[in-house]
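Let's take a walk through this model together, one contact at a time. Keep the viewer open so that you can turn to each residue as it comes up.

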Amino acid sequence: MSRAWARFLQLSLVVSLLLLLGAGCHREQRERAIGAGYIGVGTATLRDRLGAASRSVGTVKAGAHVEILQRRRRWARIRTAGGAEGWIEERLVIAPEIYERAQQLVRQTVGKPSQGRARARATVNLHLDAERQSPRLFQLREGDPWLLG
């Protein structure tokens with residue numbers, strides 16, 4: 001074997017090892033979040049995409065912290081703490097500061113009797129402050145049941 005051929009094989013081996021090491025060190029890039037929030041009332045169904053052909057890919061329970069990856073019309077693409085990603089209705093995501101204020105109210109009212117049950121006659125936005133322009137805590141659809149506290 002000639003000296004040039006031996007040198008070529010050495011260089012080929014070194015380049016191959018570097019490529020293998022580089023491929024093994026590649027980390028999957030996670031999409032950067034544009035916001036954060038919490039899931040409001042009930043359980044949210046994660047959808048694989050928007051549209052009539054979308055499929056359910058999981059669920060997220062009320063109170064779960066999520067990262068918002070993208071917004072489109074009334075929808076938000078989120079990532080859960082467990083890494084699951086999918087689309088949910090944006091009305092189900094509550095801003096962190098609003099969620100914390102709501103949790104304070106819950107702690108203050110624990111053990112107090114309910115005032116009754118109701119159903120929304122139209123779409124209703126629930127606010128923590130008595131102002132129409134204040135941030136929305138949650139949105140009830142027409143016919144959604146609600147326990148009055």
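A good place to begin is with the charged side chains: a search of the whole structure, which is a predicted model, finds 10 salt bridges. One of them joins arginine 71 to glutamate 90, with their closest N and O atoms 2.5 Å apart. Arginine 71 sits in strand E4 and glutamate 90 in the loop between E6 and E7, so this pair ties together parts that are 19 residues apart in sequence. How open to solvent are the two partners? Arginine 71 counts as partly exposed because its relative accessibility is 45%, and glutamate 90, at 22%, counts as partly exposed too.

Next along the chain, the side chains of glutamate 89 and arginine 91 meet in another salt bridge, at 3.3 Å from N to O. Is arginine 91 buried or exposed? With a relative accessibility of 11%, it falls under the 20% limit and therefore counts as buried. Glutamate 89, at 16%, is buried for the same reason. Arginine 91 belongs to the loop between strand E6 (85-89) and E7. Leaving out residues up to four places away in sequence, arginine 91 touches Arg136, Phe138, Gln139 and Arg141.

A further salt bridge links arginine 101 with aspartate 129, whose closest N and O atoms are 2.8 Å apart. Here arginine 101 comes from helix H2 and aspartate 129 from the loop between strand E9 (124-127) and E10, so the pair ties together parts 28 residues apart in sequence. Arginine 101 is partly exposed, at 35% relative accessible area, and aspartate 129 is partly exposed at 30%. Charged groups also join up in a network of salt bridges, made of Glu31, Glu67, Arg77, Arg79 and Glu85.

Now look at the strands. Strand E4 (residues 65-72) pairs with strand E1 (residues 35-39) in the antiparallel sense, over four bridges. Within this pairing, tyrosine 38 has histidine 65 of E4 as its bridge partner. E4 also runs antiparallel to strand E5 (residues 75-80), and six bridges join the two. Arginine 71, which we met in a salt bridge with glutamate 90, stands opposite alanine 76 in E5.

E4 and E5 form a hairpin with two residues between them. Which residue in this turn has a positive phi? It is arginine 73, at about 50°. Most residues other than glycine have a negative phi, and arginine 73 is a residue other than glycine with a positive value. Arginine 73 counts as exposed because its relative accessibility is 84%.

From the strands, move to the interior. The largest nonpolar core has 19 residues, and those that touch the most other members are Ile39, Val60, Val66, Ile78, Ile88, Val93 and Leu137. Strand E2 (43-47), E4, E5, strand E7 (93-94), helix H2 (96-109) and strand E10 (136-140) each supply at least two residues of this core. To see the surroundings of one core residue, centre the view on isoleucine 39: among its contacts beyond four places in sequence are Ala44, Val60, Val66, Ile78, Ile88, Val93 and Tyr99.

Glycine 63 is also in contact with isoleucine 39, and is found in the loop between strand E3 (56-61) and E4. Apart from neighbours within four places in sequence, glycine 63 is in contact with Tyr38, Ile39, Gly40 and Tyr99. Glycine 63 counts as partly exposed because its relative accessibility is 28%. Its C-alpha lies 9.7 Å from that of glutamine 103, although the two are 40 residues apart in sequence.

That leaves helix H2. Its 14 residues reach 20 Å from first C-alpha to last, close to the 20 Å expected at 1.5 Å a residue. Which residues of H2 are buried? They include Ile98, Tyr99 and Ala102. These cover an arc of only 100° around the axis, which means that they lie on the same side of H2. An α-helix has 3.6 residues a turn, so residues three or four places apart point the same way. The buried residues of H2 pack against E1, E7 and E10, while the face turned away from the buried side carries the exposed residues Glu97, Arg107 and Gln108. Just after the helix, glycine 111 takes a positive phi of about 90°.

How values were computed
Residues are numbered from 1 along each chain as its sequence is written. This is a predicted model: local features need pLDDT of at least 70, side-chain atom pairs count only at pLDDT 80 or more; totals for chains, interfaces and linings use all residues. Side-chain values use heavy atoms; hydrogens and water are left out. Two strands pair if DSSP finds at least two bridges between them. A nonpolar core is a set of buried Ala, Val, Leu, Ile, Met, Phe, Trp, Tyr and Cys residues joined through side-chain atoms within 4.5 Å. Buried means under 20% relative accessible area, exposed over 50%, partly exposed in between (1.4 Å probe, protein chains only). Contact means heavy atoms within 4.5 Å. The expected span of a helix is 1.5 Å times one less than its number of residues. The arc is that of the directions from the helix axis to the C-beta atoms. A salt bridge is a side-chain nitrogen of Lys or Arg within 4 Å of a carboxyl oxygen of Asp or Glu.
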